[in-house]
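Here is a small set of exercises to work through with the model open beside you. Try each task on your own before reading its solution.

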Amino acid sequence: MTTTLDLQAKAHGSRVLAEWAAARPGAPARMGLVSNHTSDSTLIMSSDPKITEFFGAGRSAAGMSVTPESAMRVSAVYRAVTLISGAIASLPLHIYRRTNGITERVEDSDLWFLLNEQPTDRYMAASHWEAVGANTQLRGDSFTFIGRSRSGQIRELVPLPWSSVVVERDQAAERNGVDRLKYYLQDGLRTWGADQDDMLHFPGFGFDGLRSKSVIQHAARNAAGAAMAMDEYSGKFFAGGAHPSIVLESANKMSPDLIKDLAASFAEKYSGVHNAHEKPLILTEGIKANTLSIDAQDSQLLEARKFQVVDIARAFGVPPHLIGETSAATSWGSGMEEQGKAFVIFTLNPHLNRIEQELNRKFFRRAGLYVEFNRDALLESNSEGQSKLFRAALGGPGQGPGYMSVDEIRRKKNLPPMGGRCAEVYFPPEKTASQPKEESDEEPKAPAAAA
């Protein structure tokens, strides 16, 4: 059952809540992120994913509090997120028009500039798409407001912080038999609403009609938490001097105060990185030093950290070798071309399809116009793979019929056209292979005798 938590209504009378908010970094800001559109109270629905961060929930099995911000401090998570987000941002997003079965690219469109160069004055397009990719992975959804002119033309696309948007079902529309969403946005001290048609809601996996599933909270929480715990353990291990633990043994009886003073004096002189390998160990009064040979290798810390990298890669759907885990052989293909194709097909395509469908249904209300990412752009740095692609496009013996001309390929490489036959000639199908000889019922003739 979904309930509503009215947090600000008790802010003036709750000393415990005030002290808690003051001691917790960022809590006061989070308490005022979403305002009720009908009153001055701060309302957060219990079904909203923000409630997890608000109360510091989402602890992993290792006891670490895992949030999108804390998870990004894990190098494997950071690399997986930037890998997918960077790949999305690096792909050109073209506009096409399909008429009578013929598709052509729309070049002179203001919308192309918003999608590929500058969505709004404060953002470049690459930063916008990186934010979309990061938010959908870390938080489940990403939001971009569509700014329109009075005539309804799209004039800007404004990326919004995930935490500043509340999604609700439009109950007024439901009473009329229409299932729609409405959005409430917090802009400083001002709260305002947006219709579904004016909001680009990019969902992640598992969209339930309101929100999607976060990779961090659903698949990688324990893996990220374990990695955070091991990072903290490793830091303390090396901060302690990075040497095996030492036990001091005395043949004589020692008083509790003497034991306490000896332990404190020993720790002050010999523990810590700043004391490591600098001072000789001198013991008197018959005291012996015995070592406990427990190190990171014996406790399998290194192997566990490698496993966490693979586990995080599995949650995000990225090849482990692309986020730095190269100790094991990859099953994503033997060459860069095969690995790149597998990454596009199995990891990027779901993200790209959701983005394309959201853009198409919000920008275009009729069939014929649509946007599509140019997935072939990922092969531009792979000269071998690109040359194979172009040879197949030109056609020829062993390649099959051609479907691109020389000038069309040159246009893709931003080269000037050659004109003439290069602009229109395609390799004809009849020349792709030699024609088979027709069978004959006549008996084969005997070869002529040599002169």
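**Exercise 1. Decide whether the two faces of strand β10 are covered or open, and list the residues on each side.**

Solution. Start with the side chains: Met199, His201 and Pro203 lie on one side of β10, while Leu200 and Phe202 lie on the other. Each of these residues is buried, and both faces are covered. Here buried means under 20% relative accessible area, exposed means over 50%, and partly exposed is in between, with a 1.4 Å probe and protein chains only. The split follows a general pattern: in a regular strand, side chains alternate between the two faces of the sheet. Because five of the five residues of β10 are buried, the strand is largely enclosed by the rest of the structure.

Before going on, a note on the model: it is predicted, so local features need pLDDT of at least 70 and side-chain atom pairs count only at pLDDT 80 or more, whereas totals for chains, interfaces and linings use all residues. Residues are numbered from 1 along each chain as its sequence is written, and side-chain values use heavy atoms, leaving out hydrogens and water.

**Exercise 2. Work out the strand order of the sheet that contains β10, and find its edges.**

Solution. Helices (H or I, at least four residues) and strands (E, at least two) are DSSP runs, numbered from the N terminus. Two strands pair if DSSP finds at least two bridges between them.

- Step 1: β5 (residues 141–148) and β10 are antiparallel and share five bridges.
- Step 2: β5 also pairs with β6, again in the antiparallel sense, over six bridges.
- Step 3: the order is therefore β6-β5-β10, an open sheet of three strands, and β6 (154–160) and β10 (199–203) stand at the edges, so one side of each has no neighbour in the sheet.
- Step 4: on average, neighbouring strands here are turned by 25° against each other, direction ignored.

To check the register, take threonine 144: it stands opposite leucine 200 in β10 and opposite proline 159 in β6. Phenylalanine 145 has methionine 199 of β10 as its bridge partner. In the β5 and β6 hairpin, with five residues between the strands, glycine 152 takes a positive phi near 95°.

**Exercise 3. Describe how helix α7 is placed against helix α5 and against this sheet.**

Solution. In general, two packed helices are described by the angle between their axes and the distance between the axes.

- Step 1: the axes of α5 (residues 75–89) and α7 (residues 125–138) come within 8 Å and cross at roughly 135°. Axes are lines fitted to C-alpha atoms, for helices over the stretch in contact, and angles run from 0 to 180 degrees between N-to-C directions.
- Step 2: this makes α5 oblique to α7, since angles under 35 degrees count as roughly parallel, over 145 as roughly antiparallel, 65 to 115 as roughly perpendicular and the rest as oblique.
- Step 3: the contact (heavy atoms within 4.5 Å) includes Val77, Val81 and Ile84 of α5 and Trp129, Glu130 and Leu138 of α7.
- Step 4: α7 also packs on the sheet, where it touches β5, β6 and β10, and its direction makes about 140° with that of β5.

**Exercise 4. Locate glutamine 118 and say what it touches.**

Solution. Glutamine 118 sits in the loop between α6 (110–116) and α7. It is partly exposed, with a relative accessible area of 31%. Leaving aside residues up to four places away in sequence, glutamine 118 touches Phe113, Tyr123 and Ala125. Glutamine 118 and histidine 128 are 10 residues apart in sequence, and their C-alpha atoms are 8.7 Å apart.

**Exercise 5. Give the strand order of the sheet that contains β13, and name its edge strands.**

Solution. The order is β4-β3-β13, an open sheet with antiparallel pairing. β4 (102–105) and β13 are the edge strands, each pairing on one side only. Five bridges join β3 (residues 93–99) to β13; among the bridge partners, tyrosine 96 goes with tyrosine 370 and arginine 97 with leucine 369. Neighbouring strands are turned by 35° against each other on average, direction ignored. Because four of the five residues of β13 (residues 369–373) are buried, this strand is largely enclosed by the rest of the structure.
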